Amino acid sequence: MTTKAYAAQSAKTPLTPHGITRRDPLPTDVQIEILYCGVCHSDLHQARDEWHDFAPTAYPCVPGHEIVGRVTKVGKDVKKFKAGDLAAVGCMVDSCRTCPSCAKGLEQYCTHFPTFTYNAPDKHSGGVTYGGYSDAIVVDEAFVLRVSEEANLAATAPLLCAGITTYSPLRHWKVGPGQKIGIVGLGGLGHMGVKFARAFGAHVVLFTTSPSKVEDGKRLGAHEVVVSKDAAAMKAHAGSFDFVLDAVSAEHDINAYLSLLKLDGTLCLVGAPEKPLPVAAFNLLLPRRSFAGSGIGGIAETQEMLDFCAERGIGSDVEVIPIQKINEAYDRLLKGDVKYRFVIDMASLKG
Ligand code: NAP
Ligand code: ZN
Ligand code: ZN
């Protein structure tokens, strides 16, 4: 099947219309008409080859891993879905399914590496995978998520990456009542981190570089908002946090956030800046702090998160755009000018 898409043809050129081929559904495959796709900062990093040493970009690159749509066709052995159902796809479309991580439902940590939704070797085509900036996708049902018919679909799309990437570490580190939690950076991930930490019952402090986001931070659920350029305000919180989630996309001083942790506190990085972040040794040693990281979430936990959001009425705050505005959206992402996730209305790709 030929599918319309938008692709980056090189690290330095804007995304432009591009045709791709999707396989016909195999027995366990689900074919989905994509209705909405969120715009993650990872799409921009990958399209511009900013992660070259870790995952060099193969061009043409079709980004997009926050996908919500309707099932149009299923393979003969598919059990969970039928044509007409809502469905979602996140950052992975496959994994080895047998290694110890996969056996635990942690497919994102597959020892053979998961097949990411875009820019990964495609086991079926022999080429690379193509993501959600397109009008259809074909995915094995084991990696397709269920979506409630009552859900706001545009607000649901970002949950597939920004949602699970913040939900998973907050659950893993058992964030809850009685704890003081910091969220760093109010972008796509950060605003979901604020919503989840609040929903889990913690005392939530948002750290932002943008004074213009203070009121929004509170509206989204933060009890307190600190503008991180204010040295006195930062000092007032030193040594007082149980857990801090850092969702910043660019180079920044990680030591400023390590200093916020109390004894045995953890700073978990989910942001993936292009350059390494230097850590001052004594900031870790005293008082026994941990510096950790976390990547997206497994399929079962992603479904748990989607169900939790449907029950609680939690969604992303979105600005819906036509795909023709994708390059402008990337420029605005770099300026921190997004409230708080761009989502592409894929109807704009038709016609
Ligand atoms: P985003 O919407 O662009 O948000 C990033 C936020 O970081 C900005 O809104 C801004 O918040 C802050 N920021 C930007 N530049 C900064 C700078 N120079 N110094 C300090 N703060 C700065 O990006 P996103 O989509 O949420 O993604 C965030 C990062 O997470 C990206 O690197 C992305 O690749 C990564 N990511 C990782 C995973 C994972 O599995 N771990 C999954 C998805 C994304 P303020 O204006 O509030 O300061
Ligand atoms: Zn993402
Ligand atoms: Zn595996």
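By class, the shell around ligand 1 comprises 14 polar, 12 nonpolar and 3 charged residues in this predicted model. Of these 29 residues, the ones that come nearest to the ligand are Thr208, Thr209, Ser210, Lys213 and Arg341. Both domains take part: domain 1 (2–161 + 297–349) and domain 2 (163–293) each supply at least three residues to the shell.

A look at individual atom pairs adds welcome detail. The side chain of serine 42 places an N or O atom 2.8 Å from an oxygen atom of ligand 1. Backbone atoms join in as well: a polar backbone atom of glycine 188 sits 2.9 Å from an oxygen atom of the ligand, and a nitrogen atom of ligand 1 lies 2.9 Å from a backbone N or O atom of serine 294. Taken alone, the ligand exposes 920 Å², of which the protein buries 88%. Helix H1 (41–47) and helix H5 (188–199) are the elements that give two or more residues to the shell, with H1 giving the most, at 3 residues.

Attention can now turn from the ligand to the empty space inside the protein. Rolling a probe the size of a water molecule over the atoms reveals where such space is left. Across the whole structure, the search returns 1 cavity of 30 Å³ or more, and the volume of the largest cavity is about 40 Å³. Its lining consists of Gly90, Cys91, Met92, Leu145, Leu160, Ile164, Ile296, Gly297, Ile299 and Thr302. By class, 7 of the lining residues are nonpolar and 3 are polar, with no charged residues.

Definitions and conventions:
Residues numbered from 1 in each chain as written. Chains lettered and ligands numbered in written order. Predicted model: local features only at pLDDT ≥ 70, side-chain atom pairs only at ≥ 80, totals over all residues. Heavy atoms only, no water. Near = heavy atom within 4 Å. Polar contact = N/O pair within 3.5 Å; in protein donor to acceptor, adjacent residues only side chain to side chain. Areas by Shrake-Rupley, 256 points an atom, 1.4 Å probe, with all protein chains shown as cover. Helix = DSSP H or I, 4+ residues; strand = E, 2+ residues; numbered from the N terminus. Nonpolar A, V, L, I, M, F, W, Y, C, P; charged D, E, K, R; others polar. Domains from an automatic or database assignment. 1 Å grid on protein atoms, 1.4 Å probe; cavity = no way out; pocket = protein on both sides within 12 Å on 5 of 7 lines; lining within 4 Å. Points joined across faces, edges and corners; volume = space filled by probe spheres on them.
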